[in-house]
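Q: I'm new to this one and would like a close look at a single part of it. Could you pick a spot, walk me through it, and then show me what lies around it?

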Amino acid sequence: MTDPVLVVAGAVLAGHRMLVAQRDYPEEVAGLWELPGGKVETGESPAEALVRELCEELDVVVSVGAALHDAVRPKPGLTLIAMRAEIVSGTPRALEHRAVRWVDSAELAALVEAGRMVPNDLGWAQEMVAELRTK
Ligand code: 523
């Protein structure tokens with residue numbers, strides 16, 4: 001049996017906007033937008049993994065807050081969680097993605113409606129559409 005994999009993604013917030021990143025691979029999801037993040041490594045907490053991943057992928061330092069509501073289990077042995085985060089230093093740039101952009105509630109809703117978010121992130125995107133609308 002392979003070890004269970006936990007992936008942590010960041011709902012990086014600034015004012016009434018959230019950061020989304022455009023995947024470059026694999027082919028099935030290339031061009032679609034996601035909450036950036038990656039696999040939690042042995043010995044790391046999810047928050048520590050998110051800090052490391054967003055530094056590697058976006059060249060920013062973040063502080064990590066509360067988890068979003070839903071955990072996603074696309075297949076046995078793979079669990080995805082998302083946590084709120086705020087940038088402490090740096091300006092995000094796409095080191096491993098095609099692009100990054102800040103979206104407000106309406107822009108995020110438009111990505112969802114156009115089928116341009118990665119399928120695993122749809123529940124989180126919907127949660128954040130509602131949350132960003134209140135900011
Ligand atoms: N997802 C996903 N949504 C999402 C992330 C960050 C990841 O559905 N917002 C999925 C995609 C992969 C798995 O989680 O099935 C691992 O994500 P990935 O590839 O971003 O993780 P890394 O960067 O740790 O993995 P490597 O590309 O292998 O280094």
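A: Let's start at D59. This is a predicted model, and in it D59 is partly exposed, because its relative accessible area is 35%, which falls between the 20% cut-off for buried and the 50% cut-off for exposed. You'll find D59 in the loop between α1 and β5. What makes D59 worth a stop is its backbone: phi is positive, near 60°, in a residue that isn't glycine. As background, most residues other than glycine have a negative phi.

Now step back into the helix that D59 follows, α1. Helix α1 covers residues 46-58, and at 1.5 Å a residue its 13 residues should span 18 Å; the C-alpha atoms at its ends are 17 Å apart, so the two figures agree. Which residues of α1 are buried? They are A49, L50, R52, E53, L54, E57 and L58. Those buried residues pack against a whole set of strands: β1 (5-14), β2 (17-22), β4 (37-39), β5 (61-67), β7 (78-89) and β8 (99-103).

Two of those helix residues, A49 and L58, turn up again in a nonpolar core of 13 residues, whose members also include V12 and A85. As a rule, in soluble globular proteins nonpolar side chains tend to be buried together.

E53 takes us somewhere else: one of its polar side-chain atoms lies 3.4 Å from an oxygen atom of the ligand. So what else is around that ligand? It is surrounded by 14 residues, and the closest are Y25, L35, K39, N120 and D121. N120 has a polar side-chain atom 2.7 Å from a ligand oxygen. For D121, an N or O atom of the side chain sits 2.7 Å from a nitrogen atom of the ligand. On its own the ligand has 590 Å² of accessible area, and the protein covers 72% of that.

Y25, one of those closest residues, has a quirk of its own. The peptide bond joining Y25 to P26 is cis, with omega at about -15°. In general, most peptide bonds are trans. P26 belongs to the loop between β2 and β3 (33-34).

Strand β2 also holds Q22, which counts as buried because its relative accessibility is 14%. Leaving out residues up to four places away in sequence, Q22 touches G31, L32, W33, H97, R98 and A99.

L35, another of the ligand's closest neighbours, leads into the largest nonpolar core. That core has 24 residues, and the ones touching the most other members are M18, V20, L35, L108, M117 and W124. Two or more residues come from each of β1, β2, β7, α2 (105-113) and α3 (122-133), with α3 giving the largest share, 5 residues. For M117, setting aside residues up to four places away in sequence, the contacts are V20, L32, W33, E34, L35, L108, L111, V112, L122 and A125.

One last stop, on helix α2, is A106. Is A106 buried or exposed? A106 counts as exposed because its relative accessibility is 56%. A106 is 26 residues from L132 in sequence, and their C-alpha atoms are 8.8 Å apart in space.

Note on methods:
Residues numbered from 1 in each chain as written. Predicted model: local features only at pLDDT ≥ 70, side-chain atom pairs only at ≥ 80, totals over all residues. Heavy atoms only, no water. Helix = DSSP H or I, 4+ residues; strand = E, 2+ residues; numbered from the N terminus. Expected span 1.5 Å × (residues − 1). Buried < 20%, exposed > 50% of the residue type's maximum accessible area, 1.4 Å probe, protein only. Contact = heavy atoms within 4.5 Å. Near = heavy atom within 4 Å. Polar contact = N/O pair within 3.5 Å; in protein donor to acceptor, adjacent residues only side chain to side chain. Areas by Shrake-Rupley, 256 points an atom, 1.4 Å probe, with all protein chains shown as cover. Core = buried A, V, L, I, M, F, W, Y, C linked by side-chain atoms within 4.5 Å.
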